[in-house]
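Please look through the chain shown here before reading my comments. They are set out as numbered points, and each one can be checked against the picture.

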Amino acid sequence: EASSSPSEPPPPPESESSKTLLQLNLEQKVRMKVAKKLRLRRKRLVRKRHLRKKGRWPPSKMKKNKNV
């Protein structure tokens, strides 16, 4: 115990900085995930819009359009 207590004080400053770095990394990861979801959503909406414009949306309509 005596040997571990002197070794404990130096790590906290390092761990604090590493904690802030970890926190920043986690926040960045979350932001990136949100951005990715937004990107994918936008892509999906654009695809849908193009399909609507060409008369191929909704997909259930495709069977009806087959005979046209």
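1. Which residues form a positive surface patch? The patch is made up of Lys29, Lys33, Lys36, Lys37, Arg39 and Arg42, and one of these residues, Arg39, is found in helix 2. I would begin by locating these side chains, keeping in mind that the model in front of you is predicted.

2. The confidence of the prediction deserves attention at the outset, since the mean pLDDT of the chain is 81 and 76% of its residues reach 70 or more. The elements of the chain are not alike in this respect, for helix 1 (residues 4–7) has the lowest mean pLDDT among them, at 50, whereas helix 2 has the highest, at 89. Where pLDDT is low, the predicted coordinates should not be read in detail.

3. Turning to the overall fold, the chain contains 3 helices and 0 strands, and following the sequence from one end to the other gives the pattern α-α-α. Helix 2 covers residues 11–53, while helix 3 covers 62–66.

4. How many of the residues count as buried, as a percentage? Of the 68 residues in the chain, 0% count as buried. The chain exposes about 6800 Å² in total, and 59% of that area is supplied by carbon and sulfur atoms.

5. Besides the positive patch formed by residues such as Lys33 and Arg42, there is a nonpolar patch on the surface, which consists of Val30, Val34 and Leu38 and has about 260 Å² of accessible area taken together. Val30, a member of this nonpolar patch, lies in helix 2, which is also where Arg39 is placed.

6. The loop between helix 2 and helix 3 holds Trp57 as well as Pro58, and a careful reader should pause at the peptide bond from Trp57 to Pro58, which is cis, with omega near 0°.

7. Why is Trp57 described as partly exposed rather than buried? Its relative accessible area is 27%, and because buried means under 20% and exposed means over 50%, a value in between is called partly exposed. As for its position relative to another part of the chain, the C-alpha atoms of Trp57 and Arg47 are separated by 9.9 Å, although these two residues are 10 residues apart along the chain.

Technical notes:
Residues numbered from 1 in each chain as written. Predicted model: local features only at pLDDT ≥ 70, side-chain atom pairs only at ≥ 80, totals over all residues. Heavy atoms only, no water. Patch = residues over 30% accessible without salt bridge, like charges linked within 9 Å, V, L, I, M, F, W, Y side chains within 5 Å. Areas by Shrake-Rupley, 256 points an atom, 1.4 Å probe, with all protein chains shown as cover. Salt bridge = Lys/Arg side-chain N within 4 Å of Asp/Glu carboxyl O. Helix = DSSP H or I, 4+ residues; strand = E, 2+ residues; numbered from the N terminus. Buried < 20%, exposed > 50% of the residue type's maximum accessible area, 1.4 Å probe, protein only. Lys, Arg positive; Asp, Glu negative; His and termini not counted. Charge placed at Lys NZ, Arg CZ, Asp CG, Glu CD. pLDDT = per-residue confidence, 0-100.
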